[in-house]
Amino acid sequence: MDELFGGESLETTCFDATRICEVNTWLASQFDAVGKDVPDFEYTPRSIAELRKIATLSHAKTLAATILVNDFLEKAAEYRSQAARLREILENVGLLAQENIPPSVISSSRVLANIANLLDIRDIELSSFLVAVADLSLRKTTVEERKAKFQQESKVLLDFTRKAIARLTYLKR
C-alpha cells in the first residue's frame, strides 16, 4: 500500500493534504484581500511547513489585533458616554457655551494646557506635575554642568592660544 503513495503511508499523505489545504485556504484569503491571484509555487514539505508557520502567526496576530480593536471600541464607547455625562453636567451648570466662561478662565486653562504639553503631563494629578518638574530640574542641572565644563575647556583653550601667541611673538623678535 505504501508503494501507491510513493513510499509514504496513507496517514502521512492525508496529513500533508490537510496541511496543503490549510495553506491554500490561507493564501487565497490573503491574496483575495488585495485583489490578486495566488501565484503558482512548488509544493514541497519545506514550503508547506514555512507557509503553515506564517499562516499560524498570521492567525495569532489577527486574533490579537481583533481583541485590541474590540477593546479600543469598548473604551471609545465608554469615553463617549463619559463625554455625554460631562456635557450634561456642564449644561446644567451653565458652562458649556464658551460665552458663559470668563475670558480669564479660558486664558488660564490654555496656559495650563500649554504647560502640561511642555511637561508631557497627560493627567491632572499633582504627582505627575511633581515628577515632570523634577525631571525638568534634573535636565537643567545636567545642562548647567555641561555648560560649566565647556566654559572650563574654553578657558583652557584660550590660555593655550594666548601662550601660543606670546611664544610666536617672542620667536618673531
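Lysine 75 has a relative accessible area of 35%, so this residue is partly exposed; buried here means under 20% relative accessible area, exposed means over 50%, and partly exposed is whatever falls in between, with a 1.4 Å probe and protein chains only. The model is a predicted one, so local features need pLDDT of at least 70 and side-chain atom pairs count only at pLDDT 80 or more, while totals for chains, interfaces and linings use all residues. Residues are numbered from 1 along each chain as its sequence is written, and side-chain values use heavy atoms, with hydrogens and water left out.

Back to lysine 75. Its side chain meets that of aspartate 71 in a salt bridge, at 3.4 Å from N to O. The term stands for a side-chain nitrogen of Lys or Arg within 4 Å of a carboxyl oxygen of Asp or Glu. Both lysine 75 and aspartate 71 belong to helix H2, where four residues, or about one turn of the helix, separate them. Aspartate 71 is at 28% relative accessibility and therefore counts as partly exposed. In general, an α-helix has 3.6 residues a turn, so residues three or four places apart point the same way. Side chains of opposite charge can then pair when their charged atoms come close.

The structure holds five salt bridges, and another one of them is also found in H2. Glutamate 50 pairs with lysine 53, with 3.6 Å between the closest N and O atoms. These two sit three residues apart in helix H2 (residues 45-93), again about one turn of the helix. Glutamate 50 comes out as partly exposed because its relative accessibility is 37%, and lysine 53 gets that label at 47%.

Helix H4 has a salt bridge as well, between glutamate 144 and lysine 140, whose closest N and O atoms are 3.8 Å apart. About one helical turn separates glutamate 144 from lysine 140, because they are four residues apart in H4. Here the labels split: glutamate 144 is partly exposed at a relative accessible area of 43%, whereas lysine 140 is exposed at 53%.

Now for the overall picture. The protein chain has four helices and zero strands, taking helices (H or I, at least four residues) and strands (E, at least two) as DSSP runs numbered from the N terminus. Along the sequence this reads α-α-α-α. Just 7% of the 173 residues of the protein chain count as buried. The chain exposes about 15100 Å², and 61% of that comes from carbon and sulfur atoms; accessible areas are from the Shrake-Rupley method with a 1.4 Å probe, and for residues only the protein chains shown count as cover. Among contacts with a separation of 6 or more, 33% link residues 24 or more positions apart, a contact being heavy atoms within 4.5 Å.

Two of the buried residues are serines in H2. Serine 58 lies in that helix and counts as buried because its relative accessibility is 18%. Setting aside neighbours within four places in sequence, serine 58 is in contact with Trp26 and Gln30. Serine 47, also found in helix H2, is buried at a relative accessible area of 17%. Not counting residues up to four places away in sequence, serine 47 touches Phe41 and Glu42.

Phe41 turns up again in the aromatic story. The structure holds one aromatic pair. Phenylalanine 41 and tyrosine 43 make up this pair, which is tilted, at 4.7 Å centre to centre and 45 degrees between the planes. Rings of Phe, Tyr and Trp (its six-membered ring) pair if their centres lie within 6.5 Å, and planes under 30 degrees apart count as stacked, over 60 as edge-to-face and the rest as tilted. Phenylalanine 41 is partly exposed at 28% relative accessible area, and tyrosine 43 is partly exposed at 43%.

Then there is H3. The 17 residues of this helix (residues 103-119) should span 24 Å at 1.5 Å a residue, and the end C-alpha atoms agree, being 24 Å apart; the expected span is 1.5 Å times one less than the number of residues. Just after H3, aspartate 120 takes a positive phi of about 60 degrees.

On the surface, Val111, Ile115, Leu126, Phe129, Leu130 and Val133 form a nonpolar patch with about 520 Å² of accessible area together. H3 and helix H4 (126-172) are the elements that give two or more residues to this patch, and the largest share, four residues, is from H4. Patches are made of residues with over 30% relative accessible area and no salt bridge, joining like charges within 9 Å and nonpolar side chains (Val, Leu, Ile, Met, Phe, Trp, Tyr) within 5 Å. Phenylalanine 129 lies in H4 and counts as partly exposed at 37% relative accessibility.
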